[in-house]
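Student: Pick one small part of this fold and take a close look at it for me. Then work outward from there, and spell out the cut-offs as you go.

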Amino acid sequence: MVNALFALLLLIPPAQGVGEGQENVDTLEVYSPTIGFLKVHTSVADRYDDGMWRREFASYRIYTTNGAMVRRVLSSLDEPRTIRLEEGTYVIREEGGKRRTPEYKVLIEGGKTTEVVK
């Protein structure tokens with residue numbers, strides 16, 4: 001009985017909060033010709049982590065051109081995240097405290113990577 005429970009626990013993935021366990025590329029099992037990729041080089045801060053200095057790319061939010069939020073992309077270390085989006089035009093707003101945050105308009109095309117470099 002105990003062995004069966006232990007085996008079951010090994011098969012169940014741990015619960016993850018928003019941003020935990022995320023890789024730098026979204027996982028999507030089904031290919032679609034209307035899916036494109038977005039890589040945004042946001043503001044960078046130096047961060048001392050586990051005995052070494054690393055680059056931390058800021059979080060940002062993705063909105064439709066009508067102002068509806070599509071998703072929030074959390075900060076990442078060393079490399080900016082590459083995410084998948086449906087084809088279309090989006091507005092990217094970097095998160096950044098009290099100061100005015102940069103805003104970019106991007107066009108996502110199926111099968112292509114759109115890269116925003118400040």
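Tutor: Let's start with W53, which counts as exposed at 61% relative accessibility (buried is under 20% relative accessible area, exposed is over 50%, and partly exposed is in between, with a 1.4 Å probe and protein chains only). Before going on, bear in mind that this is a predicted model, where local features need pLDDT of at least 70 and side-chain atom pairs count only at pLDDT 80 or more, while totals for chains, interfaces and linings use all residues. Numbering starts from 1 along each chain as its sequence is written, and side-chain values rest on heavy atoms, leaving out hydrogens and water.

Now, what does W53 do with its ring? Two rings of Phe, Tyr or Trp (its six-membered ring) pair if their centres lie within 6.5 Å; planes under 30 degrees apart are stacked, over 60 edge-to-face, and the rest tilted. That rule gives one aromatic pair. It joins Y48 and W53: the ring centres are 5.2 Å apart and the planes stand at 65 degrees, so the pair is edge-to-face. Y48 is exposed too, with a relative accessible area of 52%.

From there, look at V44, in strand β2 (residues 44–49). Helices (H or I, at least four residues) and strands (E, at least two) are DSSP runs, numbered from the N terminus. V44 counts as partly exposed at 43% relative accessibility. Its C-alpha atom is 6.1 Å from that of R55, although the two residues are eleven apart along the chain.

Stepping back, the chain has one helix and ten strands, with the helix coming before the strands from the N terminus on. Of its 118 residues, 29% are buried.

On to the sheets, where two strands pair if DSSP finds at least two bridges between them. One open sheet has three strands in the order β7-β1-β10, with mixed pairing. β7 (82–86) and β10 (113–117) are the edge strands with a single partner each, so each has one side without a neighbour in the sheet. From one strand to the next the twist averages 30 degrees (axes are lines fitted to C-alpha atoms, for helices over the stretch in contact, and angles run from 0 to 180 degrees between N-to-C directions). Strand β1 (residues 35–41) runs antiparallel to β7, joined by five bridges, and G36 has L85 as its bridge partner in β7.

The other open sheet has four strands, ordered β5-β4-β8-β9, and its pairing is antiparallel. Its edges are β5 (69–73) and β9 (103–108); each has a single partner strand, so one side of each lacks a neighbour in the sheet. Neighbouring strands here are turned by 25 degrees against each other on average, direction ignored. Strand β8 (residues 88–94) pairs with β9 over six bridges, with V91 facing K105 as its bridge partner in β9.

Last, the inside. A cavity is a set of points on a 1 Å grid over the protein atoms alone where a 1.4 Å probe fits but cannot get out, and its lining residues have an atom within 4 Å of a point. Points are joined across faces, edges and corners, and the volume is the space filled by probe spheres set on them. There is one cavity of 30 Å³ or more, and the largest has a volume of about 40 Å³. Its lining includes V40, F57, Y60, L74 and R81, and the whole lining divides into seven nonpolar, three polar and one charged residue (Ala, Val, Leu, Ile, Met, Phe, Trp, Tyr, Cys and Pro are nonpolar; Asp, Glu, Lys and Arg are charged; the others, Gly among them, are polar).

Technical notes: On a 1 Å grid over the protein atoms alone, a cavity is a set of points where a 1.4 Å probe fits but cannot get out, and a pocket is an open set with protein on both sides within 12 Å along at least five of seven lines; lining residues have an atom within 4 Å of a point.
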